[in-house]
Each structure stands twice: as structure tokens, then as C-alpha cells.
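Let's take a walk through this protein together. Have the sequence and the 3D view open, and follow along from the inside out.

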Amino acid sequence: MAPIARALAVATAALLAPTLAPTLALAQAAPVAPAGPANGIDIAAATSTRALGSGNAPLTVEEYASFSCPHCAHFEETMLPRLKADFINPGQVRFVFHDTPTNRVGYLAHMATRCLPVASYNDARSLLFSTQNQWLGAKDPEAGLKEMMGMAGLPGPAYDACVASKPLQDYVATSSQEANEAKIEVTPTLIIRKGGKEVDRVAGPNDYDKLAAALIKAGAKAPKK
């Protein structure tokens with residue numbers, strides 16, 4: 001589980017490297033990204049909410065996760081499928097993704113997935129988590145990420161434009177700042193909300209039965225056996 005406060009600061013500062021467009025305001029809350037295309041990128045679409053499930057679900061689970069976090073990949077592959085089957089697909093939970101990068105390559109990954117069509121986001125997310133050891137463990141992780149995003153449907157020139165997008169950099173920086181304000185200490189962390197209010201949180205979920213019990217306690221219907 002990745003400690004967050006320091007990691008977010010390091011990841012934010014890493015975007016000041018010369019390979020990306022300069023952005024001195026990243027460590028602070030950034031302005032809301034403008035709508036419409038910018039450098040060929042539809043910023044309104046790129047910064048729209050990424051979520052699973054019905055907006056009318058009685059509970060919302062907000063996930064704070066990083067694409068470069070091994071524990072997040074484990075959750076994605078072992079617990080999220082069960083959560084979908086038991087609570088999300090039956091309409092009991094809306095699952096909202098928050099960009100919470102913990103290093104530079106994670107920052108790039110969060111930006112890159114948002115430059116794909118919204119309908120392709122979940123597949124790209126699954127691809128990055130399932131192949132995390134491959135691209136993150138490459139001799140050059142950023143090159144490995146770029147290659148993997150090409151497989152996800154974001155070719156090299158589009159990838160370069162995406163990660164150089166100042167509005168998108170600002171958006172992910174703001175998301176990181178919001179994680180700090182929410183006192184997120186490890187990734188992944190799940191915040192369970194009912195009626196917009198936090199009723200519980202699970203830091204570093206590793207026991208599905210305990211997570212399911214927390215959701216039922218918060219008001220979700222128990223899954224049918």
C-alpha cells in the first residue's frame with residue numbers, strides 16, 4: 001500500500017521535468033479545466049467522471065488508486081469483479097474512480113487513460129493493471145507505458161499530446177490535491193458515501209467479505225446467494 005501524502009507531492013513535482021509542458025501550479029489546487037478541444041484533446045470529455053454503475057444507486061464508493069500501485073492492481077483483478085457482480089451491476093453501488101498517482105509514471109498513466117474515448121476507459125484501466133509488471137518493470141517504464149497505451153488505442157503522437165496537455169496536467173494535480181484533503185493515506189482507499197456523506201472508509205482493502213459487510217451495513221442490499 002503506497003503512503004500518499006509524500007508520494008503525491010513527489011509525483012506532482014515530477015511533472016515539472018522538462019519532458020512535459022512547464023506547470024508551476026501543479027502542487028496547488030489547479031483551476032477547473034476549460035471545456036472543448038485543446039491541442040486536439042477534448043478536455044471536457046477527458047476530465048469527465050469515470051465511474052461504474054447507476055447514478056441512482058443508494059451508495060457511492062469512491063476509489064482512490066494509482067496505476068503504478070501493486071495493491072491497486074490486486075484489488076482491480078481480485079476484488080472489483082466480485083464487487084461488480086454483487087453490488088455494482090445490481091444497482092446498489094456506484095463506483096467512482098479518482099486519479100491518485102504516486103509517482104511520475106503513474107501521473108502519465110492517469111493522463112493517458114483519460115485521453116481515450118470515455119467508452120474505452122475501463123478496458124484501458126484493466127489493461128494497465130493486468131500488465132502492470134510488464135510496463136512498470138520495463139527498463140524504461142515511461143516507454144513501456146507509452147507502448148501499452150498504443151495497444152489500448154492511443155497512438156504515439158496522441159499520447160505525446162495528451163501528457164503535454166496543461167489542462168489535463170492541472171486536472172490530475174487537482175485530483176491529487178483532493179486526495180490529500182480527503183486524508184487518503186494509502187492506495188487503494190475506498191470511501192463509502194450515502195446521500196453524499198461519508199459513512200465508512202476502507203484503506204487497503206484485502207478482505208472482500210469485510211468490504212461487502214461494510215456496504216451492507218451502510219445500506220446496500222445483500223447479494224443473492
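What follows starts in the core, moves through some helix packing, and ends with a few backbone oddities.

One thing to keep in mind: this is a predicted model. A good place to begin is the largest nonpolar core, which has 53 residues. Within that core, L83, F95, L145 and L215 touch the most other members. Pick out L145 and look at what surrounds it once you set aside its neighbours within four places in sequence: V105, L108, A109, L128, W135 and Y159 are all in contact with L145. There's also a second, separate core, made of five residues, among them Y64, A179, A182 and I184.

Now find helix α6, residues 121-130. Which residues of α6 are buried? They are Y121, A124, R125, L128 and F129. These residues sit on the same side of α6, because they cover an arc of only 130 degrees around the axis. The elements covering them include the strands β5 (59-65) and β6 (93-99), along with the helices α3 (70-78), α5 (104-114), α7 (132-136) and α8 (141-152).

Of those partners, α8 is worth a closer look. Two packed helices are described by the angle between their axes and the distance between the axes. For α6 and α8, the axes come within 10 Å and cross at roughly 140 degrees. Angles over 145 would count as roughly antiparallel, and this pair is therefore oblique. The crossing of α6 past α8 is right-handed. On the α6 side, the contact uses A124, L127 and L128, while α8 brings L145, M148, M149, M151 and A152. You've met two of these already: L128 is in contact with L145.

Helix α8 has another neighbour in α9, which spans residues 156-163. Here the axes come within 9 Å and cross at roughly 120 degrees, so α8 is oblique to α9 as well. This crossing, too, is right-handed. E142, L145, K146 and M149 are the α8 residues that meet G156, Y159 and D160 of α9. Notice L145 again, which is in contact with Y159.

Next, swing over to helix α4, residues 80-88. Its buried residues are L80, L83, F87 and I88. Looking down the axis of α4, you'd see them fall within an arc of 70 degrees, so they line one face of the helix. They pack against β4 (51-52), α3, β6 and α11 (208-218).

Is R114, in helix α5, buried or exposed? R114 counts as buried because its relative accessible area is 2%, and the cut-off is under 20%. Leaving aside its neighbours within four places in sequence, R114 is in contact with A46, T47, S48, R50, F97, D99, L168 and Y171.

Finally, the backbone. Most residues other than glycine have a negative phi, and most peptide bonds are trans. K183 goes the other way, with a positive phi of about 60 degrees although it is not a glycine. You'll find K183 in the loop between α10 (166-181) and β7, and it is exposed, with a relative accessible area of 62%. Then look at the peptide bond from T187 to P188, which is cis, with omega near -5 degrees. P188 lies in the loop between β7 (186-187) and β8 (189-194).

Conventions. Residues are numbered from 1 along each chain as its sequence is written. This is a predicted model: local features need pLDDT of at least 70, side-chain atom pairs count only at pLDDT 80 or more; totals for chains, interfaces and linings use all residues. Side-chain values use heavy atoms; hydrogens and water are left out. Helices (H or I, at least four residues) and strands (E, at least two) are DSSP runs, numbered from the N terminus. Buried means under 20% relative accessible area, exposed over 50%, partly exposed in between (1.4 Å probe, protein chains only). A nonpolar core is a set of buried Ala, Val, Leu, Ile, Met, Phe, Trp, Tyr and Cys residues joined through side-chain atoms within 4.5 Å. Contact means heavy atoms within 4.5 Å. The arc is that of the directions from the helix axis to the C-beta atoms. Axes are lines fitted to C-alpha atoms, for helices over the stretch in contact, and angles run from 0 to 180 degrees between N-to-C directions. Angles under 35 degrees count as roughly parallel, over 145 as roughly antiparallel, 65 to 115 as roughly perpendicular and the rest as oblique. A crossing is left-handed if the near helix is turned anticlockwise from the far one by less than a right angle, and right-handed if clockwise.
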